[in-house]
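Student: I'd like a close look at one part of this model, namely the lining of its pocket. Please take it slowly and then work outward to whatever else is worth seeing.

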Amino acid sequence: MSRSTPIGRPGRAGFAAGASVIFLFAALVACGPSEEERVATARADAWAELQEDQAALNAKRDELAELRARVAAPGEEDDVEALTAEAEALDNEVGNDGEAFSTKLVNYINEAEWELGGEMTEEQRNAFAMKSGEDMYLAEEYVVKGGDYRRAVEILERSLGVDPDNADLQARLADYQDARYITAERLAQIERGMTEAEVEALLGKVFHRNVREFDAENVFAWFYPKNPEEHGDGAAAGVFFREGDRKVYRTDANAVEGRDEEE
């Protein structure tokens with residue numbers, strides 16, 4: 001009878017085969033992606049996802065802009081009430097999507113192990129440029145929807161703190177700073193009989209707190225702030241409308257006198 005090797009006790013050939021398997025496994029592990037490579041791949045995937053999300057969000061924003069334009073200047077066959085409701089619903093959706101996207105983008109930025117103060121990497125430049133774009137959109141919404149130039153300027157100034165070389169940010173901030181305060185030249189464009197939409201097109205959206213109703217006179221007024229450094233704190237020009245036809249009947253460059261800081 002021939003002698004067999006007991007199960008569980010490999011002979012020399014078994015040991016050799018086992019050693020080969022172990023060696024192959026170790027080689028495969030050694031040839032696998034490093035931690036640095038895995039992190040880079042995960043970051044690339046996350047960035048691609050952010051780009052896809054932003055593209056989808058911008059498509060909705062473009063749709064919203066078209067709806068707003070139709071509401072402001074409806075065609076003969078347009079149902080203004082239905083368009084307004086559709087625009088409001090999409091506005092809410094875009095707002096929610098924008099907040100979610102911004103949170104995702106900020107998390108992406110905060111999770112990076114970047115050295116502050118050094119030269120920016122391409123990843124940093126791309127991420128901060130995307131964040132600056134979102135900040136510019138948010139600032140524009142404050143201006144378009146509420147005439148809140150103060151808040152818009154604050155947003156862009158903060159954004160420039162982390163993306164100081166962004167030319168688009170610098171230009172947009174300069175535009176807002178110029179438009180923030182009414183000038184005599186801009187007010188002179190307003191003529192008697194203009195509609196609210198025509199005034200808004202020339203002077204911008206009035207801030208909601210700067211609208212006043214004078215019931216006794218059956219009129220209402222929009223007040224646009226003047227540069228406090230030149231005219232004192234609180235100074236404003238006024239555009240006055242009659243309630244009946246809601247058209248301009250007069251303007252006043254000195255509707256609200258400014259106050260000195262010492263007062």
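Tutor: Sure, let's start with what the walls are made of. The lining of the largest pocket has ten nonpolar residues, nine charged ones and one polar one. Nonpolar here covers Ala, Val, Leu, Ile, Met, Phe, Trp, Tyr, Cys and Pro; charged covers Asp, Glu, Lys and Arg; the others, Gly among them, are polar.

Before we go on, a word on what you're looking at: this is a predicted model, numbered from 1 along each chain as its sequence is written, with local features needing pLDDT of at least 70 and side-chain atom pairs pLDDT 80 or more. Totals for chains, interfaces and linings use all residues, and side-chain values use heavy atoms, with hydrogens and water left out.

Back to the pocket. The largest one has a volume of about 560 Å³. Of the 20 residues lining this pocket, R68, V71, A72, V144 and E200 are the closest to its centre. A pocket is an open set of points on a 1 Å grid over the protein atoms alone, where a 1.4 Å probe fits and protein lies on both sides within 12 Å along at least five of seven lines; lining residues have an atom within 4 Å of a point. Points are joined across faces, edges and corners, and the volume is the space filled by probe spheres set on them.

Which helices build those walls? At least two lining residues each come from α2 (35-72), α3 (80-110), α4 (122-146) and α8 (196-203). Helix α2 gives the largest share, with seven residues. Helices and strands are DSSP runs numbered from the N terminus (H or I, at least four residues; E, at least two).

Two of those helices deserve a second look. In α4 you'll find D135. Is D135 buried or exposed? D135 is buried, because its relative accessibility is 9%; the cut-offs are under 20% for buried, over 50% for exposed and partly exposed in between, with a 1.4 Å probe and protein chains only. The D135 side chain makes a polar contact with the side chain of S159 at 3.0 Å. That term means N or O atoms within 3.5 Å, where, within protein, one must be able to donate a hydrogen and the other to accept it; residues adjacent in sequence count only if both atoms are side-chain atoms. Leaving aside residues up to four places away in sequence, D135 touches S159 along with I155 and L156, a contact being heavy atoms within 4.5 Å.

Now over to α8, which holds both E196 and L202. L202 counts as partly exposed because its relative accessibility is 31%. Beyond four places in sequence, L202 touches R186, Q189, I190 and M194. Its C-alpha is 8.7 Å from that of L187, which is 15 residues away in sequence.

E196 takes you towards the strands. With a relative accessible area of 23%, E196 is partly exposed too. Again not counting residues up to four places away, its contacts are F220, W222, F241 and R246. The C-alpha atoms of E196 and K247 are separated by 6.6 Å, although the two are 51 residues apart along the chain.

R246 has something of its own to show. R246 sits in the loop between β3 (236-242) and β4 (248-256). These strands run antiparallel and are joined by five bridges; pairing needs at least two DSSP bridges. V239 stands opposite T251 of β4. β3 and β4 make a hairpin with five residues between them, and in its turn R246 has a positive phi of about 55°. Why mention that? Most residues other than glycine have a negative phi. R246 is partly exposed, since its relative accessibility is 37%.

There's a second hairpin to set beside it. β1 (211-214) and β2 (219-225) are connected by a loop that contains N218. The two strands pair in the antiparallel sense over four bridges, with F214 opposite V219 of β2. Four residues separate the strands of this hairpin, and N218 takes a positive phi near 60°. N218 counts as partly exposed because its relative accessibility is 46%.

Finally, zoom out. The chain has nine helices and four strands, in the order α-α-α-α-α-α-α-α-β-β-α-β-β from the N terminus. Of its 263 residues, 27% are buried.
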